[in-house]
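Visitor: I would like a close look at a single part of this protein. Please show me the structure, and then I will say which part.

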Amino acid sequence: MTTILSLFPFLVSSFIGYFLIHFLDDDKKIPTSSRVLLGCGLGLGLSAYITFFSFLIFDQLNRLFIITIHLLLFLFLLRDHIVSQTKKTQSGSFFKSFGAKDLVAVLTILVCLLPTIYMLFLYPEGGWDAWSVWNVKAKILFLGQEHWKNIFLPVLWRTSPHYPLLLPLMNVWGWIFNSQTGLMAPILLCLIFTILNISLLFYALKDRIRLWINLLISALLLTLPFFYKFAASQYADIVVGFYLFASLYCLVQARMQSQKVFALLSGLFLGFLSFSKNEGLTAGLMILLLAIPYLQRKNSFDTKKILMPFLAGAFISFIPLMIFQTFYAPANLTFINGFTSSIKPTGFSRLQVVLIFYLMLFKNLQWNGLWVMFVAGMILGRNKILNRDMIIIPVFLMLYGGVVTFYYLLNTYFEIGWWMSETLHRILFSLLPTISYWIFLSLFSSRTAIDNSKP
C-alpha cells in the first residue's frame with residue numbers, strides 16, 4: 001500500500017507534464033516517446049514548485065492546496081487532450097507508435113537496470129548524503145509544520161542549508177498521501193530518474209544511429225559500477241543529470257527544427273536544473289548565457305521565434321530559485337576563500353592534487369575505461385564534434401570543467417584529496433547523458449543528424 005501511495009503522486013505528475021507538452025505543442029511535432037519522457041520530468045518539476053509555493057503561501061505544508069492545484073491542472077489538461085483527440089489533431093497515441101525497436105529497448109533497459117535495483121534495495125536509505133542532506137531536508141519539510149525553516153539553521157551545517165530544494169520537495173510530494181515519511185518515495189524517484197536519463201538518451205539517438213549501437217550505449221552506462229552506485233544513492237546528482245541533458249537536448253532541437261515548444265521546454269528545464277543543486281545552478285546560468293548567441297539566426301524573426309519562448313520559460317522557471325536565494329538561502333558555511341585566507345591558502349600543491357585526480361579517471365576500474373573511450377571518440381570525431389548545431393555542448397563542458405576546477409582551488413574549507421574523492425565522480429556521473437549524446441551522435445550518426453547548412 002505504501003508503494004502505491006508513493007507512486008501515485010509521481011504518476012499524476014507525469015500525466016500532467018505529458019498533457020502540458022501536448023497543450024503547448026501546437027504543431028504536435030514532438031515525438032510521442034519524447035513527449036512521455038520530457039513530460040515526466042516536466043511534471044515532477046512542476047509538482048516540486050507547487051509544493052514549494054505551499055510553504056511560501058501558508059508557511060507550512062498544506063496538503064489541500066497542493067492536491068487541489070494538481071487536480072485542477074490535471075482536469076484542465078485532460079480536457080484539452082480529449083478535445084484534441086476528438087479533433088484528431090494528435091499525431092498518434094503512444095501505443096500506436098510503439099514498435100519492435102521500442103520493445104527491444106524496454107527489455108534491454110529493464111535487464112540492465114538490475115544492478116541499480118539491487119543497490120536500491122541493498123541500501124534502501126541511500127548513501128551518506130541521502131540521509132544526512134537530501135532526505136533529512138525532506139523530512140523536516142514534511143513533518144516540521146510551521147518550523148520547516150529549521151532546515152536553514154547554522155547548527156545543521158552538515159545538511160548544506162544553502163542547497164536548493166528541488167529533490168526534497170519531490171520527496172515531500174511523494175509522501176503527500178502518507179501520514180509519515182518512508183523509504184519508498186526516494187527509492188522510486190531514484191528509479192524514475194535513472195529510467196528517464198537512459199530512455200531519453202536512447203530516444204534522442206534512436207533515429208540517428210544504428211539500433212545495436214544505441215542499445216550498447218544504454219547497457220554500457222547502466223552497468224558501470226559508478227553509474228548504478230550513484231543512480232541508487234538518492235542524491236540530487238541523478239536529478240541534475242536529467243535536467244541538464246533535457247535542457248541541452250531541447251535547446252539543440254529548438255535550433256535544428258526552429259520549434260518554439262522545444263525552446264520553451266529548454267528554458268523550463270533550466271530552472272529545474274538550477275533549483276536542484278549548486279552545481280546545477282552553475283550549469284543552468286552558464287547554459288542560459290550560452291543559449292542567447294547559440295539561438296541567433298540570420299533572420300531576426302526566426303531568432304525571436306525560438307529565443308523569446310526560451311527566455312520566457314527560463315524566467316518563469318527561475319522564479320522559485322530567485323525567491324529561495326533572496327529570502328531563504330543562508331550563506332555557505334563550508335567555504336573558505338583560499339586566495340585570500342592566510343590560515344588555509346590555496347597553492348600549487350592543491351592544483352597538483354586536482355590534476356592527479358583527473359588523470360586517475362583514465363585508469364579507475366569503476367569507470368570501465370569510459371573516459372578513455374570518450375577521449376578516443378573526440379580524437380576520432382574531431383571533424384564532427386564541433387559542428388555548429390552541437391557546438392553549445394562542448395563549449396558548455398569546457399567552461400563548466402574550468403569552473404569546477406577553479407572552485408576546487410578556491411574553496412579550501414575541505415582537504416582537497418578527500419573532497420575530490422567524494423564529489424568528482426558524482427559531478428561526472430551527472431554529465432554522462434549529455435556527454436554520451438554529444439559524442440555518440442557525432443560519431444555514429446547514420447543520417448544527417450546535424451545540418452551544417454543552417455544559418
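Visitor: Take Ser274: does this residue count as buried or exposed, and at what relative accessibility?

Guide: Please keep in mind that this is a predicted model. Ser274 has a relative accessibility of 0%, and the cut-off for buried is under 20%, so Ser274 counts as buried.

The place to begin is the helix that holds this residue. Ser274 belongs to helix α13, which covers residues 260–274. Leaving out residues up to four places away in sequence, Ser274 touches Pro164, Gly280, Leu281, Gly284, Leu285, Phe318 and Leu321. A contact is not the only way to describe a position, and a distance can be added. The C-alpha atoms of Ser274 and Leu289 are 13 Å apart in space, while the two residues are 15 apart in sequence.

Now consider the loop that comes before helix α13. Ser258 sits in the loop between α12 and α13. Ser258 counts as buried too, because its relative accessibility is 18% and the cut-off is under 20%. The backbone of Ser258 has a positive phi of about 50°, although this residue is not a glycine. Most residues other than glycine have a negative phi. Another positive phi is found in the loop between α11 (225–231) and α12, where Gln234 is placed. Phi of Gln234 is near 65°, and this residue is not a glycine either. With a relative accessible area of 2%, Gln234 is buried.

Helix α12 also leads to another part of the chain. Residues 237–257 make up α12, and this helix is among those that cover the buried residues of α18. The cover also includes α14 (278–294), α16 (348–360) and α19 (416–444). Helix α18 itself runs over residues 392–410. Its 19 residues, at 1.5 Å a residue, should span 27 Å, and the end C-alpha atoms are 26 Å apart, so the two values agree. Among the buried residues of α18 are Ile392, Ile393, Pro394, Phe396, Leu397 and Tyr400. Others in the buried set include Val404, Thr405, Tyr408, Leu409 and Leu410.

Two neighbours in another loop make a useful comparison. Arg158 is located in the loop between α7 and α8, and Thr159 lies in the loop between α7 (128–143) and α8 (166–174). Thr159 has 9% relative accessibility and therefore counts as buried. Arg158, at 32%, counts as partly exposed. Apart from residues up to four places away in sequence, Arg158 touches Trp128, Asp129, Ser132 and Val133. On the same basis, Thr159 is in contact with Ser132, Val133, Val136, Lys137 and Ile151. The C-alpha atoms of Arg158 and Ser132 are separated by 7.2 Å, although the residues are 26 apart along the chain.

One more serine can be set beside Ser274. Ser14 is in helix α1, residues 2–24. Its relative accessible area is 17%, so Ser14 is buried. Without its neighbours within four places in sequence, Ser14 is in contact with Gly39 and Cys40. Between the C-alpha atoms of Ser14 and Leu244 the separation is 18 Å, and these residues are 230 apart along the chain.

Finally, here is the whole chain around these parts. The protein chain has 19 helices and 0 strands. Its radius of gyration is 22 Å, close to the 23 Å that the globule rule gives for 455 residues, so the chain is as compact as a globular protein of that length. The C-alpha trace spans about 70 × 55 × 45 Å along its principal axes. Of the 455 residues, 55% count as buried, and Ser274 is one that counts as buried. Among contacts with a separation of 6 or more, 80% are between residues 24 or more positions apart. The chain exposes about 19,800 Å², and carbon and sulfur atoms supply 69% of that area. As for charge, there are 33 positive and 17 negative side chains, and the centres of the two sets lie 7 Å apart.

Key:
Residues are numbered from 1 along each chain as its sequence is written. Side-chain values use heavy atoms; hydrogens and water are left out. Helices (H or I, at least four residues) and strands (E, at least two) are DSSP runs, numbered from the N terminus. The radius of gyration is taken over C-alpha atoms; the globule rule is 2.2 Å times the number of residues to the power 0.38. Buried means under 20% relative accessible area, exposed over 50%, partly exposed in between (1.4 Å probe, protein chains only). Contact means heavy atoms within 4.5 Å. Accessible areas come from the Shrake-Rupley method with a 1.4 Å probe; for residues, only the protein chains shown count as cover. Lys and Arg count as positive and Asp and Glu as negative; His and the chain ends are not counted. The place of a charge is taken as NZ of Lys, CZ of Arg, CG of Asp or CD of Glu. The expected span of a helix is 1.5 Å times one less than its number of residues.
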